[in-house]
Amino acid sequence: MKKSALQKIRAAYRPKLPVELEGAVVAVEGKPTQSVADQEEIKALFPNTYGLPELSFKKDPNPVAPTSNRPLNVGVILSGGQAPGGHNVISGLFDGIKKINRDSRLFGFLMGPGGLVDHQYKELTAEIIDEYRNTGGFDIIGSGRTKLELKEQFDKGLEILKELGIEALVIIGGDDSNTNAAILAEYYKSINAGVQVIGCPKTIDGDLKNNVIETSFGFDTATKTYCEVIGNIQRDCNSARKYWHFIKLMGRSASHIALECALQTQPNVCIISEEVEAKNQTLADVVNYIADIVAKRAANGENFGTVLIPEGLIEFIPAVKRLIAELNDLLAKSADKVAGLDEDALRAFVIENLTPENSKTYASLPHDVARQLTLDRDPHGNVQVSLIETEKLISRMVADRLEEMRAEGKYNGKFATMHHFFGYEGRCAAPSNFDADYCYALGYNAACLIKAGVTGYMTLLRDLTRPSVQWIPGGIPITMMMNMERRHGEMKPVIQKALVDLDGTPFKKFAAKRDNWAVETSFIYPGPVQYFGPAEVCDQPSMTLKYEQLDR
């Protein structure tokens, strides 16, 4: 495999482990846990893995030689969308189980959970692992979005696990993937299958966290990658002084990426979906807000600027959110009736079968947006909002509003637009030093959880704003993060998504400055991710994480 100069040098980087993981460790139990909501329902669904204690790892005062530990056979799955650092999780897991016993073996299931069900796998040897250390992407074994939720899938997966002598399975994924891990752990425990299941928090969206999971891996690198490009656009914007750039950013269910990018780059406008919902704003309210800023800047002779928009914005507008909730149920229950309908017939069916309020909202949307709300759902039953060109919709509506303001004598500027969607550009970037260290430690820590004999746990590191050698390793039961939500028309146990906290320090820092950023040109140009140099340039965590630590 041919490599760039950076790849060659980056391969030599040695992630820094927390000192507590250097050498043999012992698990220390904390207090019993409970789910974040719906405790009785979750407990009934997970009788074997609910209420388990938090764990932390300390240096073992009486370590035994590695040859005294029996070898472990472990499986690993990359599930869902890519995130920078996945390869380092696998590298850390590999090194961790080899530290336990050099004869331990690691098997990767190919193309996500489907590889487990279909018995598609390969053994990950030292030679293979060394090719992928500190690299972006998930191409070492590939990823997929197959949901593990049926007994037939669990039993089929168990066949290959038994055949390979695998005693533990590590699932690297987001909230839905780790929900699957919890369900799988519960089932294998209930039948005494002898297979542990460990989860790992992955998503660039940043919505898999709570008071103990401080951040999901990949968020740091992805946002730094987006911020580089946003900064480049803002430099161009400030140079040409003739375009408004509408930039949609990944983040279907939360606005963490948009908020982090705003804190790093100081755009003229950044919409936070959670605020739109909290204030019960309409699409027109959002459009008027942006149009007013465009007009103020035009009055100062500045017919240019940048607008950051989370991809999930449309779902947070209360009227549209109510519409989508009913649409999900309607389409799930009427799958046979709508199959094969052309666009006009489907639109008529939807309008006729929705409640009056939601029918009116649906009919009021531009036809292309309304159609996109009825397209096929993703495997988890969600609207595929990344297919909705929200940035173009909003800029088009802003242009219409500005013409109305022109007629009223409230605007006399020029409004030319450019559109961007930054998503896939950041998912497979070479991990930052923070993510390289974090991911490697998460994988190594997962090996410690396996050695501790637990199942249904998520690998955990705390105090992430400190130098990585001072991070605190451990694990929490996945059920601790769960609640009940409606999916495909039914109530299901899922990990609760973490939304932007409007009372948290990150949002407050943004809210205190945005009015100045709106009118003034206060752009910051972060530049590319740095891997070599002083720690204050290369090893810093996200601004969101820094500010959130102030709240703890």
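In what sense do β9 and strand β10 pair, and over how many bridges? Keep that question in mind while we take a step back. The model in front of you is predicted, and a walk through its overall build will help you find these strands.

Let's start with the whole protein chain. It has 23 helices and 15 strands. Its C-alpha atoms fill a box of roughly 85 × 60 × 45 Å, taken along the principal axes. A compact globule with 552 residues would have a radius of gyration near 24 Å, and the protein chain has 24 Å, so the two agree. Of those 552 residues, 57% count as buried.

Now back to the opening question. β9 and strand β10, which covers residues 305-310, pair in the parallel sense over two bridges. You can find one contact between them by looking for Cys270, whose bridge partner in β10 is Leu308. Both strands belong to an open sheet of four strands, with parallel pairing and the order β9-β10-β8-β11. At its edges are β9 (269-270) and β11 (417-422), each of which pairs on one side only. As you trace a strand with your eye, keep a simple rule in mind: in a regular strand, the side chains alternate between the two faces of the sheet.

Next, turn to strand β13, made of residues 472-477. Is this strand largely enclosed or open? Five of its six residues are buried, so β13 is largely enclosed by the rest of the structure. Two other strands pair with it. Strand β12 (residues 457-462) pairs with β13 in the antiparallel sense over six bridges, and here Thr459 stands opposite Gly475 of β13. Strand β2 (residues 53-59) also pairs with β13 in the antiparallel sense, over two bridges. In that pairing, Ser56 stands opposite Gly474 of β13.

What about the cysteines? A disulfide is a covalent bond between the sulfur atoms of two cysteines. How many disulfides does the structure hold? The count is zero. Take Cys200, which is in no disulfide: the nearest cysteine sulfur belongs to Cys439 and is 6.9 Å away. A disulfide would need the two sulfur atoms within 2.5 Å. Cys200 has 1% relative accessibility, so it counts as buried. Cys237 is in no disulfide either, and its nearest cysteine sulfur, that of Cys270, is 15 Å away. You have met Cys270 already, as the bridge partner of Leu308. With a relative accessible area of 2%, Cys237 is buried too.

Finally, let's visit the surface. Helix α1 spans residues 5-10, and Ile9 has its place there. Is Ile9 buried or exposed? Its relative accessibility is 52%, and because exposed means over 50%, Ile9 counts as exposed. Together with Leu6 and Phe532, Ile9 forms a nonpolar patch on the surface, and the three have about 300 Å² of accessible area together.

Another residue to look for is Glu152, in helix α6 (residues 151-163). Glu152 has a relative accessible area of 60%, so it is exposed. Try finding Val117 from there: it lies 35 residues from Glu152 along the chain, and their C-alpha atoms are separated by 8.9 Å.

Technical notes: Residues are numbered from 1 along each chain as its sequence is written. This is a predicted model: local features need pLDDT of at least 70, side-chain atom pairs count only at pLDDT 80 or more; totals for chains, interfaces and linings use all residues. Side-chain values use heavy atoms; hydrogens and water are left out. Patches are made of residues with over 30% relative accessible area and no salt bridge: like charges are joined within 9 Å, nonpolar side chains (Val, Leu, Ile, Met, Phe, Trp, Tyr) within 5 Å. Accessible areas come from the Shrake-Rupley method with a 1.4 Å probe; for residues, only the protein chains shown count as cover. A salt bridge is a side-chain nitrogen of Lys or Arg within 4 Å of a carboxyl oxygen of Asp or Glu. Buried means under 20% relative accessible area, exposed over 50%, partly exposed in between (1.4 Å probe, protein chains only). Two strands pair if DSSP finds at least two bridges between them. The radius of gyration is taken over C-alpha atoms; the globule rule is 2.2 Å times the number of residues to the power 0.38.
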